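I opened this notebook page to record what I looked up, beginning with the chain as a whole and then turning to one pair of packed elements.

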Amino acid sequence: MLNLYCDNLSQYKNVKDMKMSKILEQLTVARTKAMKAKIGATGDALDAATLELDTLRGVIGEIEKDAKLSNARTELTVLKGEYSKRVASAKLYAEIGETDRSEREAAEADILAQYLPRETSEAELQEFIVSYVAENELAGKGGRALGSVMGALKSQFESYDAKLASQLAREAIG
């Protein structure tokens with residue numbers, strides 16, 4: 001019985017050695033900094049540190065909630081989702097006159113925005129799409145060509161407006 005227990009534990013011996021993704025690592029470091037900032041803080045500084053700490057804990061919890069989240073792209077998806085929720089909530093609260101709640105949600109969105117990658121500009125997307133379509137002779141090829149372009153975009157850029165990219169690709173393909 002003891003050997004069985006020890007054998008089962010051996011699979012967990014390297015859990016601390018597992019490499020954390022860049023996103024999760026940044027969030028964890030920021031959480032630690034927020035914890036330290038909260039110590040001895042008063043007034044507005046305490047409020048800001050508490051807000052940041054609560055926001056980061058929530059996002060890290062969402063990422064860690066599912067043990068299958070093991071890659072940076074999935075973690076980025078969770079982070080973008082949490083950011084979008086806060087932006088939408090801030091807008092909704094503002095529309096119904098709940099300014100305090102709206103400001104808190106907006107502040108949380110600002111905290112999360114720091115950890116999101118820079119969105120690829122329209123000009124960068126356009127340049128990539130036009131050159132990709134030309135290099136691969138995809139002009140006038142239709143749906144399969146669109147899939148090829150979108151796949152190349154996904155592998156090339158970490159963060160971009162997919163709707164805009166699709167529109168630009170359709171125009172380039174013709």
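The entries below go from the overall make-up to a single helix pair.

Entry one, the chain. I note at the outset that I am working from a predicted model. I looked up the secondary structure and found eight helices and zero strands in the protein chain, so that I wrote the pattern along the sequence as α-α-α-α-α-α-α-α.

Entry two, burial and contacts. Of the 174 residues of the protein chain, I find that 31% count as buried, and the accessible surface comes to about 11,800 Å², with 52% of that surface belonging to carbon and sulfur atoms. When I took the contacts between residues at least 6 apart in sequence, 63% of them joined residues at least 24 apart.

Entry three, the pair H2 and H3. I asked how the axes of helix H2 (residues 22-38) and helix H3 (residues 43-65) cross. They come within 9 Å and cross at roughly 150°; because angles over 145 degrees count as roughly antiparallel, I entered H2 as roughly antiparallel to H3. I recorded the crossing of H2 and H3 as left-handed.

Entry four, the residues between them. On the H2 side I listed Leu-24, Leu-27, Thr-28, Ala-30, Arg-31, Ala-34, Met-35, Ala-37 and Lys-38 as making the contact, while the H3 side includes Leu-46, Ala-49, Thr-50, Glu-52, Leu-53, Leu-56 and Arg-57, and further along Val-59, Ile-60, Ile-63 and Glu-64. Sorting the residues of this contact of H2 with H3 by character, I get 13 nonpolar, two polar and five charged.

Technical notes
Residues numbered from 1 in each chain as written. Predicted model: local features only at pLDDT ≥ 70, side-chain atom pairs only at ≥ 80, totals over all residues. Heavy atoms only, no water. Axes fitted to C-alpha atoms, helices over the stretch in contact; angles between N-to-C directions. Helix = DSSP H or I, 4+ residues; strand = E, 2+ residues; numbered from the N terminus. Parallel < 35°, antiparallel > 145°, perpendicular 65-115°, else oblique. Left-handed = near helix turned anticlockwise from the far one by under 90°. Contact = heavy atoms within 4.5 Å. Nonpolar A, V, L, I, M, F, W, Y, C, P; charged D, E, K, R; others polar. Buried < 20%, exposed > 50% of the residue type's maximum accessible area, 1.4 Å probe, protein only. Areas by Shrake-Rupley, 256 points an atom, 1.4 Å probe, with all protein chains shown as cover.
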